Amino acid sequence: STRDENLSEHSLDTAFFMHALLSLHNRRFLTPGEEPLDLGTGVLLAIYHDAAEILTGDLPTPVKYFSAEISEAYKAVEAASCQSLLDLLPADLREDYAPYLLPAGAYTRYLPYLKAADRFSALVKCMEETRQGNFEFRRAAAQTREAISAMALPEADCFLRDFIPAFEKTLDELQTQEDF
């Protein structure tokens, strides 16, 4: 890559995308009788979604998902890493972090949006690299777009259609764009 991205940048970008996706869900795609998703909960899940990498480092996506066995083993390593992070905290604070480091049952509704937000972060990184002349990222961008579309998540489709094109424009182009 032309510019390294650190974990904090990636997590914040993912949180921004998570907020947008949950806002779209609550404003445009909420079904009658369905409880809105809490934006704060979603943003915190996104902030902590890769916290395991503080201890494990980042494993490239093609390696992480090379096989079901590797993927399952890596999930176990991530869970152990998150538990280690929790264990480093004072006991009286652990329950405030545990739901975000080790999300479970109550947060199941958020997980598809978190996966989409993470993919949008990767897509924008690929787009930035390509714009800088690093064409090694063109294929990854196309694959990431396909993966987002394959999720069949209406909020992600909407974001991909209505908002991602703005990431391909300069600030000057955005400021003069009439329909934005």
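**Exercise 1. The largest pocket**

Helix α7 gives the largest share of the lining of the largest pocket, nine residues, and this holds for a predicted model. Describe the largest pocket by its volume, its lining and the classes of its lining residues.

*Solution.* Begin with the volume, which is about 1700 Å³ for the largest pocket. Next, turn to the 44 residues that line the largest pocket, of which Asp50, Thr61, Lys64, Tyr65 and Asp118 are the closest to its centre. Then ask where the lining comes from: the elements that give two or more residues to it are α1, α2 (39-48), α4 (61-64), α5, α6 (94-101), α7 and α8. Finally, sort the lining by class, which gives 22 nonpolar, 10 polar and 12 charged residues.

**Exercise 2. The second largest pocket**

Work through the second largest pocket in the same order, and find which helix gives the most to its lining.

*Solution.* The volume of the second largest pocket is about 210 Å³. Its lining is made of 13 residues, and the closest to the centre are Ile47, Tyr48, Ala51, Ile54 and Leu101. At least two lining residues are supplied by each of α1, α2 and α6, and α1 gives the most, with four residues. By class, the lining of this second largest pocket has 10 nonpolar residues, two polar and one charged.

**Exercise 3. The surroundings of Tyr113**

Decide whether Tyr113 is buried or exposed, and list what Tyr113 touches.

*Solution.* First locate the residue: Tyr113 is found in helix α7, which covers residues 111-131. The relative accessibility of Tyr113 is 7%, and since buried means under 20%, Tyr113 counts as buried. Leaving aside residues up to four places away in sequence, Tyr113 touches Met18, Leu21, Leu22, His25, Leu37, Leu153 and Glu155. One of these partners, Glu155, is itself among the buried residues of helix α9 (residues 154-162), together with Ala156, Cys158, Phe159 and Leu160. The buried residues of α9 are covered by elements that include α1 (7-29), α7 and α8 (138-150). As a last step, compare sequence with space: Tyr113 and Thr14 are 99 residues apart along the chain, while their C-alpha atoms are separated by 10 Å.

**Exercise 4. Salt bridges**

The structure holds six salt bridges. Examine the one between Arg28 and Asp162, the one between Glu72 and Lys75 and the one between Arg161 and Asp162, and find which residues are joined into one network.

*Solution.* Start with Arg28 and Asp162, whose side chains meet at 4.0 Å, N to O. Arg28 lies in helix α1 and Asp162 in helix α9, so this pair ties together parts that are 134 residues apart in sequence. Asp162 has a relative accessible area of 35% and is therefore partly exposed.

Continue with Glu72 and Lys75, where the salt bridge spans 3.7 Å, N to O. Both residues belong to helix α5 (residues 68-88), and because they are three residues apart, they are separated by about one helical turn. An α-helix has 3.6 residues a turn, so residues three or four places apart point the same way. Lys75, at 45% relative accessibility, counts as partly exposed.

The last pair is Arg161 and Asp162, with 2.9 Å from N to O. Arg161 has a relative accessible area of 54% and is exposed. Salt bridges that share partners thus join Arg28, Arg161 and Asp162 into one network.

Note on methods: Residues numbered from 1 in each chain as written. Predicted model: local features only at pLDDT ≥ 70, side-chain atom pairs only at ≥ 80, totals over all residues. Heavy atoms only, no water. Buried < 20%, exposed > 50% of the residue type's maximum accessible area, 1.4 Å probe, protein only. Contact = heavy atoms within 4.5 Å. 1 Å grid on protein atoms, 1.4 Å probe; cavity = no way out; pocket = protein on both sides within 12 Å on 5 of 7 lines; lining within 4 Å. Points joined across faces, edges and corners; volume = space filled by probe spheres on them. Nonpolar A, V, L, I, M, F, W, Y, C, P; charged D, E, K, R; others polar.
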